[in-house]
Amino acid sequence: MSSTAPLVNNRGDLPAAAALVALALALRGVALGAQPLWFDEAYSFHLATRPDWLQYARFDFNPPLYYLLLRAWIWVAGSAEWALRLPSALAGAMFVGVAYWAGRATGGRIAALAAALFAALAPLHVYYSQEARAYIFAVTLLLALYGVLWIASERFLRRDFVVAAVLSAAALQFHYFTALGIVPAWALAAAKGRVHSGSRWSRAALRGCAAGLATAIPWSGWRLYMQATEGLYLPDHGWLYDLWEARPPFLHLVGSWETLVLGGQLGVSPVLVKQVAAAELPGVVRWMAGSAAMAACLAALLAPWLRPAGEPAGRPPGSAPLQRAATSLPMALVALVAAPVLPLWWASFLRPVYLVGRYDFLAFPALVLLVAHGIATLATAGRIGRGVAIIVAVALGAGMVSSLIPYFQAPPTGTQARELAAELDRVAADGDTVAFTGLRGVPALYELSRRGYDWADGRCRSRAGSRSFACRLFPREMEESFCYNARRLIETPGAMMDDARALVALTEAPAAGAAGGSRSAATKTLWLAFGGGNASASGFTPTRVDGELVAALRRLGYGFARKTDHPFIYGFARPATGGASQ
């Protein structure tokens, strides 16, 4: 289809697009607040609400635009789980509308319908549309960029370059890894335009790409400078090595394909949490849907042979199938599917960064268009082709729906932080100290905020004014950056004892409680809310680092004083104040 033709030239276009966007919004709005926030989402909440958010943003690998938008949104809509996730749900529905437009602009009405329906039903897309993170915004902007650049490479208007540069800049402000899609998209558009308009068009494309990429320099440069000059501890990513080495490298690519089509599953995409943490589809469903998606992609690549006539306007002259294939949209889309995936996969042989179901999601926009063009190609390839197109579409749709059913039926998972906050609200007295170890403190502090507490200046204060107690994250790097890194405690002699002394000093400080007056150290309790360990009927065994913290507290005279109803919360005090286990 020529990009100079109207993009909506059929009375059925607008109602069809609106219906698919409505379907997408309905799917993404179902049980939007049912699942508790997990660590990354709680991190988004804290970064968006803290007055000193810049202190934490310098540790973050993502640009600040999403947090600024979320900050404004919380001021309007509040901080309930559904409210934090609603912008992502809206962006996810917008992606479906953009998919319809991009499919219509590059392949016609059948491609538009296929692209929008595939995007609306894709389980991984639904998952990220229900997560309070920036990924869904990034892929929506990437998809719009791909459509605009394809149009620009055919009609050669200056305004298309301006729009594409703005989209590139916006995508980079949501996630830096979008550069893995932005750069090859501009390069492909420049190569295609060069065939028609020579080097002048290529130079214009290069300037547009450079303008978009340049917008990431100020923030990323400041962040790198702060890290270099302050000697900051970055997150401990040892778990990435464990995930990378848990399976042969090639199977990570297979897992990405399966996850992009069918969403997260047990043993395939371990970084996906909430409903999909324990999801497991039958092998026949996985094979059926994966094969259908692969068949659609192959059909798109074989389009010059399956549909030798009726080339879109703007293609270079010549009727040889190989020449048509080399300059086709499907070849460009294959490159855009591979571009965000292969560099991270190759880099992981040196330092693991590849995560199935996480950064490979940046390949999803191109995959949507590639599958849609394959179905459209089959549908226009005669009676047999139409029959195959129906089989492919039904098999793919059935597989995705089969994955969505258990996704929506899953009960709330990851409720430990919610239970932790409820128990602390019950047992922590005015003037006590609570120390969260590991990663669980960040979502637990969010849950405390939902129970009426504000966390600021190292204290949790009841908005009703009835209670105030110290709330600290351990190790202290967690409180400074929300980045867990116990390397300092392990490698630096005396570091554990220093941190333990700081907790004891905080507990024994004559800080006034919310009710007025000041409690003596003899009546205060230091509560440890452990972020990990093994709780069983025979007792609780903390992690290595947490066990060393308990040992350090004992050397400082703090022993076990109180047991709670939560297996990960224990009270410590000096012997003079410690009573029998309750």
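At 5% relative accessibility, Glu 447 falls under the 20% cut-off and therefore counts as buried in this predicted model. Its partner in a salt bridge is Arg 418, with a distance of 3.8 Å from N to O. The two residues sit in separate helices, Arg 418 in helix α22 (residues 416-427) and Glu 447 in helix α23 (residues 441-450), so the salt bridge ties together parts of the chain that are 29 residues apart in sequence. Arg 418 has a relative accessibility of 30% and therefore counts as partly exposed.

Why might such side chains pair up at all? Side chains of opposite charge can do so when their charged atoms come close.

A second example joins Glu 41 and Arg 85, whose closest N and O atoms are 2.9 Å apart. This salt bridge links distant parts of the chain, for Glu 41 belongs to helix α2 (residues 39-49) and Arg 85 to helix α5 (residues 81-107), 44 residues apart. Are these two partners buried or exposed? Both Glu 41 and Arg 85 are buried.

A further salt bridge brings together the side chains of Arg 472 and Glu 479, at 2.8 Å from N to O. Here Arg 472, at 27% relative accessibility, counts as partly exposed, while Glu 479, at 13%, counts as buried. Salt bridges can also share partners, and in this way Asp 40, Glu 131 and Arg 358 are joined into one network. How many salt bridges does the model hold? The count comes to 17.

Terms used: Residues numbered from 1 in each chain as written. Predicted model: local features only at pLDDT ≥ 70, side-chain atom pairs only at ≥ 80, totals over all residues. Heavy atoms only, no water. Salt bridge = Lys/Arg side-chain N within 4 Å of Asp/Glu carboxyl O. Helix = DSSP H or I, 4+ residues; strand = E, 2+ residues; numbered from the N terminus. Buried < 20%, exposed > 50% of the residue type's maximum accessible area, 1.4 Å probe, protein only.
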